[in-house]
Amino acid sequence: MSAKHSSGTRPRHILLGVTGSIAAFKACQLASNLTKHGNEVRVMMTDAATRFVGPVTFDSLTHTATRTAMFPASEYATYTDGFGEARVGVSHIEDAKWADAVVIAPATANVIAKFAAGIADDYLTSTVLAATCPKLVCPAMNVHMYENPVTQRNIAECRELGFRFVDPTSGLLACQDVGKGRLAEPEDIERAIDALFDDDADDAAPMPLRDLEVLVTAGPTQEPLDPVRYLTNHSTGKMGYALAEAARDMGAHVTLVSGPVSLDAPEGVDVVDVTTARDMFAAVSERFPGADITVMAAAVGDFRAETASPQKIKKHGRTTLTLELVSNPDILAWAGEHKRTDGSQVLCGFAMETEHLVENAARKLAEKHCDMLVANNLRDPGAGFATDTNVVTILTPPDDVDHDHSIADIERIGRMPKTGLARLILDRLAALRGANTLQAA
Ligand code: CTP
């Protein structure tokens, strides 16, 4: 998708497409905010959208006639070109050329299906097909329509074609179902529009993980003690989920093996839900041979009860209880032992420490045969489980030529949002894999 951005000497041109959903009322707020914030906004509505909100509302909010029918008065419509001249022509093409960004909010399952298939049977879909600028789609629909594999396939195809998405949020839907399907808030959509304009590099750069298979583990494991209790840890899965989403956005096919977390499954990612360390081991060992890059961000329980009690463990007047635990498989160490020797499989582990960060992490890097290890100290402000940021040290095996006796090459990264850090880690891993495969060739 070519990037066409406002030069900075004129307002940004935003073409807002509104389709037939109850969430169309939120598009009024979005149009109003965008206009107030100095953008020039033109609105196009499908027939169904006009049943929910009148075009006059958008006319007033954007000070421009809202586009509805394909052929408003005659076969040709009159429009004002970029120089203020009145012209006659097929105006959906002019709108497509005028736009710096097309934003579809709300986008129904129907219109997403049309985008995926290239159908152009009304003004909105014809304009989207003709537009070469960045396109942002903000779905809103019933949870079952959203989760339907057909809709998910269409979304994945649109992503492949270069459409960007703002995921819907979860909650009570207008249809009284509860789940994912609510249109994102106008402020969040506006932020995503800003990102379209900030992302010159993203648009231009080739995707560094295009067509690679990326396997990510995330979240905690739960090791049952009896039918009501289990051993676990504080992991929320945020880092692993951020890695899976970043890998997807960088062009990879992503499999996310996830312990129990309360995060939504990322779109366009194959999620395999697991509970125990042994479940996670089974899921990873099955998929690892096909993975080009594997990142293990899960906080795996090291021990489990050898046999969980089939009945609830009772107190029976006891004041102490001794649990006999046995060790779980070390999944990362297994992967390190089984990775291909030609360098075409890159393996990255994580280490959460509370002391001696570098020494402990360097030992894990070597013992588990990792190509990279990302270490964080639970005690650093801005690092840890439930935070949206992290502070990490990246370790790689020492370069023998330069550093004879060092235990690892070390790079300290300052506090960063987990999303940005995910991208940085994957960029490094892509570069490592690139270097390995070049060497092998
Ligand atoms: N890991 C794993 N399987 C395990 C334990 C850990 O795959 N049974 C992985 C984690 O996903 C992480 C790395 O190994 O990528 C380090 O995990 P961590 O819990 O920090 O270290 P441990 O090896 O368990 O060592 P210790 O608990 O002694 O710090």
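Tutor: A polar contact is a pair of N or O atoms within 3.5 Å. We shall apply this to a predicted model, beginning with the ligand.

Student: What makes the approach of A298 to the ligand a polar contact?

Tutor: An oxygen atom of the ligand is 2.7 Å from a polar backbone atom of A298, and the limit is 3.5 Å, so the pair qualifies as a polar contact. The backbone of I331 also takes part, with an N or O atom 3.0 Å from a nitrogen atom of the ligand, while the side chain of K364 places an N or O atom 2.8 Å from a ligand oxygen. Both of these values lie within 3.5 Å as well, and therefore both pairs are polar contacts. On its own the ligand has 570 Å² of accessible area, of which the protein covers 77%.

Student: Which residues around the ligand come nearest?

Tutor: There are 14 residues around the ligand, and those that come nearest are M296, A298, L332, K364 and K368. A residue is counted here because one of its heavy atoms lies within 4 Å of the ligand.

Student: What kinds of residues make up the shell around the ligand, and which element gives the largest share?

Tutor: The shell divides into nine nonpolar residues, one polar residue and four charged residues. Strand β18 gives the largest share, with four residues; both α13 (331-338) and β18 (346-353) supply at least two.

Student: Why is the space taken by the ligand called a pocket?

Tutor: That space ranks as the second largest pocket, and the term pocket is used because the set of grid points is open, whereas in a cavity the probe cannot get out.

Student: How do you know that β1 and β5 are paired, and in which sense?

Tutor: Strand β1 (residues 13-18) and strand β5 (residues 101-107) share four bridges in the parallel sense, and at least two bridges are required, so the two strands count as paired. Within this pair, L15 stands opposite V102 in β5. The two strands belong to an open sheet of five strands with parallel pairing, in the order β2-β1-β5-β6-β7.

Student: What makes β2 and β7 edge strands?

Tutor: Each of them, β2 (40-45) and β7 (164-165), pairs on one side only.

Student: How do β8 and β9 pair?

Tutor: Strand β8 (residues 169-172) and strand β9 (residues 178-182) form four bridges in the antiparallel sense, with S170 opposite K180 in β9. Their hairpin has five residues between the strands, including Q176, which takes a positive phi near 75°.

Student: Which peptide bond is cis, and where is P106?

Tutor: The cis peptide bond joins A105 and P106, with omega about -5°, and P106 has its place in strand β5.

Student: What is notable about the phi of H63?

Tutor: Although H63 is not a glycine, its phi is positive, at about 60°; H63 lies in the loop between α3 (55-62) and β3 (77-80).

Conventions: Residues are numbered from 1 along each chain as its sequence is written. This is a predicted model: local features need pLDDT of at least 70, side-chain atom pairs count only at pLDDT 80 or more; totals for chains, interfaces and linings use all residues. Side-chain values use heavy atoms; hydrogens and water are left out. A polar contact is a pair of N or O atoms within 3.5 Å; within protein, one must be able to donate a hydrogen and the other to accept it, and residues adjacent in sequence count only if both atoms are side-chain atoms. Accessible areas come from the Shrake-Rupley method with a 1.4 Å probe; for residues, only the protein chains shown count as cover. On a 1 Å grid over the protein atoms alone, a cavity is a set of points where a 1.4 Å probe fits but cannot get out, and a pocket is an open set with protein on both sides within 12 Å along at least five of seven lines; lining residues have an atom within 4 Å of a point. A molecule sits in a cavity or pocket if more than half of its atoms lie within 2 Å of its grid points. Ala, Val, Leu, Ile, Met, Phe, Trp, Tyr, Cys and Pro count as nonpolar, Asp, Glu, Lys and Arg as charged, and the others, Gly among them, as polar.
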